[in-house]
Amino acid sequence: MSKYSIAWMPGDGIGQDVMEAARLVLDAMRFDAEYVPCDIGWEFWCREGNALPDRTVKALQSTTCGLFGAITSKPQDDAVKELAPELKSKGLSYFSPIVKLRQMFNLHTNMRPCKSYPGNPLNYRGTALGNPGGGDVPVDQVIFRENTEGSYVGVEFRPIPEAIYTALCANPKMKAWKEKGLENLALSTRIMSKQGCESICRQAFEFAKRNGRKRVTLVEKPNVLRETGGLMTRVFRDMAESYPGIWADEANIDAICMWMFKNPQDYSVLVAENMFGDIVSDLCAGLVGGLGFAPSANLGDKYAVFEPTHGSAPKYAGQYKVNPIAMLLTVKMMFDWLGENERATRLEAAIARVIREGKVRTYDMGGKDTTLDVAKAIAAYAA
Ligand code: IPM
Ligand code: MG
C-alpha cells in the first residue's frame with residue numbers, strides 16, 4: 001500500500017497539461033502515493049449539470065489530500081447555453097466547483113506565496129524606491145486569503161426576493177432603488193463571521209511568527225464596507241496585540257494596488273477576506289513573473305487541496321505550451337503540508353536552478369520549450 005492517497009483533479013484546459021508535468025516530477029522523485037482520478041470541471045457541468053459530481057466528493061473523503069489543475073468558469077447565462085439539451089430546462093445554476101470544494105471541505109485558508117527567483121527574466125524591475133537603476137526587485141510575499149466566506153459564498157439574487165426588496169425600500173435612503181423596480185435589481189452579498197476573520201488572521205500571524213517575518217498587512221476597505229470591513233479590522237487589531245514582535249499594518253485594497261506597484265519588496269505577509277485576497281494574489285503573481293509562478297494551497301484543519309493560482313487558459317489547452325512552474329511549486333506546498341520537508345526543499349531548489357540557468361524555458365519566459373521539457377529539466381535535478 002502507498003503511503004499517501006492523492007485525489008487527482010486535472011480539471012479543464014491546461015489543467016491537464018500541468019498535471020501531467022506534476023506527475024512526471026512526482027514519479028521522478030519516487031513519491032510514494034496512489035493517485036485517484038476524480039471528475040471535476042466544465043465537461044461534467046455540460047454533460048451532467050454538475051461540475052463537482054457526488055462521486056468526486058466521495059472519492060476525496062478517502063484521500064490524504066487533493067491536487068488540482070484548473071477550472072473554466074463562466075457567468076450563469078453563458079453556462080446554461082452549454083448544457084446538454086435535456087438539462088437546459090431544469091433550472092440548474094452553475095457554481096464554480098473549486099469554490100464549492102473549498103466550502104464543502106471547510107478549506108478555510110488559501111495560502112498563496114509569491115516569490116521572485118533569481119534569473120527569471122519576468123521578475124519585476126519596477127519603480128521600487130531605492131531601485132532607480134533598475135534590476136530585479138526581490139519579492140517574497142505570502143498571501144493568506146479567507147477561503148469560505150465573503151462575497152464568494154453564492155448568496156445572490158436576481159431579481160431580488162419580494163421580502164428583501166420590501167425591507168430595503170422601507171429605508172428612506174433606498175428611494176433610488178425603489179424607483180428602479182425590483183425586476184431591474186441584482187444583489188450579491190458579502191457575509192463574514194468573527195470566527196472566519198479570526199481564523200485567517202491567526203493563520204497569517206502564526207505563519208509570520210514561525211518564519212521570522214516582521215510585517216503582517218491587512219488588506220481591507222473598512223472606510224466603505226463599514227460592517228464587514230470593520231469586523232475584520234477589529235479582529236486584526238486585537239490579535240496583533242498578542243504578536244508584539246510583528247508590525248501589523250492596514251491598507252485599503254485600492255491603495256495597496258498602488259503601493260505594491262511602487263514598493264513590493266516592503267511587503268511580507270498579507271491577510272485578506274476572500275475577494276480582496278483573490279484580487280491581491282493576482283497582483284502579487286504579476287510581480288514575480290505572472291500566473292506561471294504562483295502556487296496555492298487550500299487548507300482546512302484535516303484536509304487540503306493544492307492548486308496553482310492560474311486558470312484553465314482554454315486557448316492553450318493540450319498544446320503543452322504553458323509554464324508548469326506554478327503547478328510544481330504547488331506540489332512543493334503539498335510536500336510541506338505532508339511533512340515531506342526534504343522533498344519540498346529538493347523540489348524548490350531544482351525549480352530555482354532551472355530558472356537560474358535559463359536553458360529550458362516556456363514561451364512566457366521567452367523560450368520555445370514545452371511544459372513537459374521544463375518538467376523534465378526540473379525532475380532531473382529533483383530526482
Ligand atoms: C482563484 C480563481 C478562482 C477564485 C475562480 C476560478 C473561481 O480566481 O483561485 O483565484 O476566484 O477563487
Ligand atoms: Mg483568482
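Student: Which way do β1 and β2 run relative to one another, parallel or antiparallel, and how many bridges join them?

Tutor: In this predicted model, β1 and β2 run parallel and are joined by five bridges. To follow one of these pairings residue by residue, start from Ser5, whose bridge partner in β2 is Glu34.

Student: Where do the side chains of β1 point, and are they buried or exposed?

Tutor: Tyr4, Ile6, Trp8 and Pro10 point one way from β1, whereas Ser5, Ala7, Met9 and Gly11 point the other way, and all of them are buried. The strand is accordingly described as mostly covered, with eight of its eight residues buried.

Student: In what order do the strands of the sheet lie, and which of them are the edge strands?

Tutor: The sheet is open and is formed by 10 strands in the order β2-β1-β3-β12-β11-β4-β5-β10-β8-β9, with mixed pairing. Its edge strands are β2 (33–37) and β9 (247–252), each of which pairs on one side only. From one strand to the next, the twist averages 25°. Elsewhere in the order, β8 (residues 215–220) and β10 (residues 269–272) run parallel and are joined by four bridges, and Thr217 has Leu270 as its bridge partner in β10.

Student: Which strands does helix α11 touch, and which does helix α12 touch?

Tutor: Helix α11 (residues 274–287) packs on the sheet, where it touches β4 (109–115), β5 (140–146), β8 and β10, and its direction makes about 160° with that of β5. Helix α12 (residues 325–338) also packs on the sheet, touching β1, β3 (65–70), β4, β11 (297–299) and β12 (304–306), with a direction at about 170° to that of β3.

Student: Why do the buried residues of α3 lie on the same side of the helix?

Tutor: The general idea is that an α-helix has 3.6 residues a turn, so residues three or four places apart point the same way. In α3 (residues 54–61), the buried residues are Thr56, Val57 and Leu60. They lie on the same side of α3 because they cover an arc of only 100° around the axis. On the other side of α3, Asp54, Lys58 and Gln61 are exposed, while the cover over the buried residues includes β1 (4–11) and α5 (97–104).

Student: Which residues are around ligand 1, and which polar side-chain atoms lie 2.7 Å from one of its oxygen atoms?

Tutor: Around ligand 1 are Ser96, Val99, Arg102, Arg112, Arg145, Tyr152 and Asp278. A polar side-chain atom of Arg102 lies 2.7 Å from an oxygen atom of the ligand, and a polar side-chain atom of Arg112 likewise lies 2.7 Å from a ligand oxygen. For Arg145, the corresponding distance from a polar side-chain atom to an oxygen atom of ligand 1 is 2.9 Å.

Methods: Residues are numbered from 1 along each chain as its sequence is written. Chains are lettered from A and ligands numbered from 1 in the order in which they are written. This is a predicted model: local features need pLDDT of at least 70, side-chain atom pairs count only at pLDDT 80 or more; totals for chains, interfaces and linings use all residues. Side-chain values use heavy atoms; hydrogens and water are left out. Buried means under 20% relative accessible area, exposed over 50%, partly exposed in between (1.4 Å probe, protein chains only). Helices (H or I, at least four residues) and strands (E, at least two) are DSSP runs, numbered from the N terminus. The arc is that of the directions from the helix axis to the C-beta atoms. Contact means heavy atoms within 4.5 Å. Two strands pair if DSSP finds at least two bridges between them. Axes are lines fitted to C-alpha atoms, for helices over the stretch in contact, and angles run from 0 to 180 degrees between N-to-C directions. A residue is near a molecule or strand if one of its heavy atoms lies within 4 Å of it. A polar contact is a pair of N or O atoms within 3.5 Å; within protein, one must be able to donate a hydrogen and the other to accept it, and residues adjacent in sequence count only if both atoms are side-chain atoms.
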